[in-house]
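I sat down with this model to look up its enclosed spaces, one of its helices and one of its strand residues. Here are my notes, in the order I took them.

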Amino acid sequence: MIILLPLVVPLLGALGYAVVGWRRATAWMSAVSAAAMLTSAIILVGSEPRTALAGLLRVDALAAYMLVVIGAVALLATVATPAYFMTEFAAKRATERTATRHSVLVQLFLAAMALAVLAANLGVLWIAIEATTIVTAFLVGQRRTKAAVEAAWKYVVICSAGIALALLGTIVLNFASSRAPGAAGLDLTALAATASNLDPGVTRIAVVLLILGFGTKAGLAPLHAWLPDAHSQAPAPVSALMSGVLLSVAFYAILRVKVIADGALGTGFTRMLLAVMAVASLVLAASLLLAQQDYKRMLAYSSIEHLGLVALGAAIGSPLALTAVLLHVLGHGLAKGVLFLGAGRILQVTGTSRIDGVRGLAGPHPVLAGGIGFGVLALIGLPPFSLFASELGLFRAGFASGLGWLAAIALVLVLIIAAALVTHTSRMLLGATPDGPGTATGTRQVPVPTAFALIGGLLVCAALGITAGPLAALLDSAVDTLVGAR
């Protein structure tokens with residue numbers, strides 16, 4: 001029953017909001033749900049692999065780790081949500097009905113992501129990823145402006161094309177499995193165990209379709225175009241969830257496929273495919289961040305960069321690289337959650353999302369400016385934040401595995417991106433506060449729950465950079481799952 005808790009808790013939360021609605025008495029229900037998800041994930045850490053629902057759900061070390069990531073970032077986003085909506089109510093940009101619909105969809109979103117990482121069957125995994133597309137499309141278009149509706153449709157069209165490729169890949173892989181000895185079907189564990197029996201030609205086609213399809217949802221080039229629009233138009237808590245965990249959950253699907261592909265085709269095939277997608281994503285992010293004018297889109301392109309780094313680590317494929325990948329997923333989720341929540345607050349107090357429209361934020365809003373400033377430092381991988389440790393491990397693994405040229409290219413692109421992020425952010429935070437449009441208005445204080453989310457997320461990110469602590473054993477076990485030690 002413990003396996004079902006990360007799935008059942010948000011479903012009950014969605015039901016509660018659907019029945020009772022959003023009001024002061026229920027405003028914190030989402031945060032309680034996220035806290036319960038995180039608690040249940042922590043309980044599952046260290047337990048032996050087990051199944052539920054006739055083998056359709058399975059939790060192992062990798063799934064438990066991803067549940068921790070989902071719960072941690074969800075807790076940040078949902079803690080800041082009530083204050084976000086109180087400001088929207090005051091500005092008459094939202095109503096309690098809007099907040100109710102938002103809360104129901106967010107809970108369903110969390111349930112879909114939990115289902116994706118708990119899925120023991122590739123078909124169930126595909127269904128869960130598709131469910132996240134359906135639910136988040138309504139969240140992206142929540143404001144119902146022309147730009148928001150356009151972003152939602154773009155998101156649906158491109159991600160549906162990608163998920164259709166993944167569906168075709170699932171069907172092709174099932175065909176290969178049906179012709180191989182044994183009865184693996186689409187069971188991920190059985191497929192990994194019997195991968196050497198799969199027809200290489202058919203499996204190669206399936207793997208390309210699956211990686212391209214799930215790579216679309218992860219925001220990797222070439223099917224990345226939905227991401228900047230969707231992240232820039234979605235409400236801040238939704239952007240935090242989409243960038244902080246949705247992209248990582250989609251890449252989790254790629255990691256599961258990679259285990260099967262490596263067993264059937266050797267490591268070279270997926271290494272080449274993921275390396276090309278990684279470098280393309282990094283080049284794209286670097287080129288578009290240099291002249292970026294919108295700070296929410298700036299953060300969105302940064303997400304493409306970091307998923308490119310995750311893809312690079314998966315391409316390298318050594319235990320050190322995979323450990324760095326998993327640590328990077330959590331560190332990026334925390335840092336990006338903080339930054340999107342902070343960006344949402346900047347939009348509320350300035351009324352503009354343009355970088356050149358925000359100046360001298362540190363004067364009137366020191367806590368908010370500090371959260372954004374340290375968040376960017378965490379994002380570019382400065383110590384003591386965990387992204388420094390994960391990127392250091394990733395590049396060390398690249399040079400040690402004979403892919404030094406690939407790691408060197410990635411390192412140059414990461415430095416360019418870091419320079420662009422620091423330049424854009426410093427212009428927003430420092431200097432004299434201007435008069436006129438874009439001037440920060442309202443209270444000088446960040447709402448306490450929002451400040452708690454900003455500071456708490458950064459502290460956890462820094463703590464993980466100093467020591468992985470209790471996560472160290474979990475990371476080792478999760479990497480063992482990916483390299484086939486179990």
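Before looking for holes I fixed my term: on a 1 Å grid over the protein atoms alone, a cavity is a set of points where a 1.4 Å probe fits but cannot get out, and its lining residues have an atom within 4 Å of a point. Grid points are joined across faces, edges and corners, and a volume is the space filled by probe spheres set on the points.

I kept in mind that this is a predicted model, where local features need pLDDT of at least 70, side-chain atom pairs count only at pLDDT 80 or more, and totals for chains, interfaces and linings use all residues. Residues are numbered from 1 along each chain as its sequence is written, and side-chain values use heavy atoms, with hydrogens and water left out.

**Cavities.** I found 2 cavities of 30 Å³ or more. The second largest holds about 60 Å³ of space. Its lining consists of Y295, M298, L299, L339, A343, I346, I372, V376, T425 and M428. I noted that α12 (295-316), α13, α14 (366-379) and α16 (404-429) each give at least two residues to that lining; helices here are DSSP runs (H or I, at least four residues), strands likewise (E, at least two), numbered from the N terminus. By class I got 9 nonpolar, 1 polar and no charged residues, where Ala, Val, Leu, Ile, Met, Phe, Trp, Tyr, Cys and Pro count as nonpolar, Asp, Glu, Lys and Arg as charged, and the others, Gly among them, as polar.

The largest cavity has about 80 Å³ of space. Among its lining residues I listed Y84, R345, Q348, P447 and T450. The elements giving two or more residues to this lining are α3 (61-90) and α13 (319-350). Its class count came to 6 nonpolar, 4 polar and 1 charged.

**Helix α17.** How far apart are the end C-alpha atoms of α17 (residues 448-466)? They are 27 Å apart, which agrees with the 27 Å expected for 19 residues at 1.5 Å a residue, the span being 1.5 Å times one less than the number of residues. Buried residues (under 20% relative accessible area; exposed is over 50%, partly exposed in between; 1.4 Å probe, protein chains only) include T450, L454, G457 and C461 in α17. The buried residues of α17 pack against α3, α13, α14, α15 (386-400) and α18 (471-483), with contact meaning heavy atoms within 4.5 Å.

**R50.** I placed R50 in strand β1 (residues 50-52). R50 is partly exposed, at 36% relative accessible area. Leaving out residues up to four places away in sequence, R50 touches I3, L57, R58 and V59.

Conventions. On a 1 Å grid over the protein atoms alone, a cavity is a set of points where a 1.4 Å probe fits but cannot get out, and a pocket is an open set with protein on both sides within 12 Å along at least five of seven lines; lining residues have an atom within 4 Å of a point.
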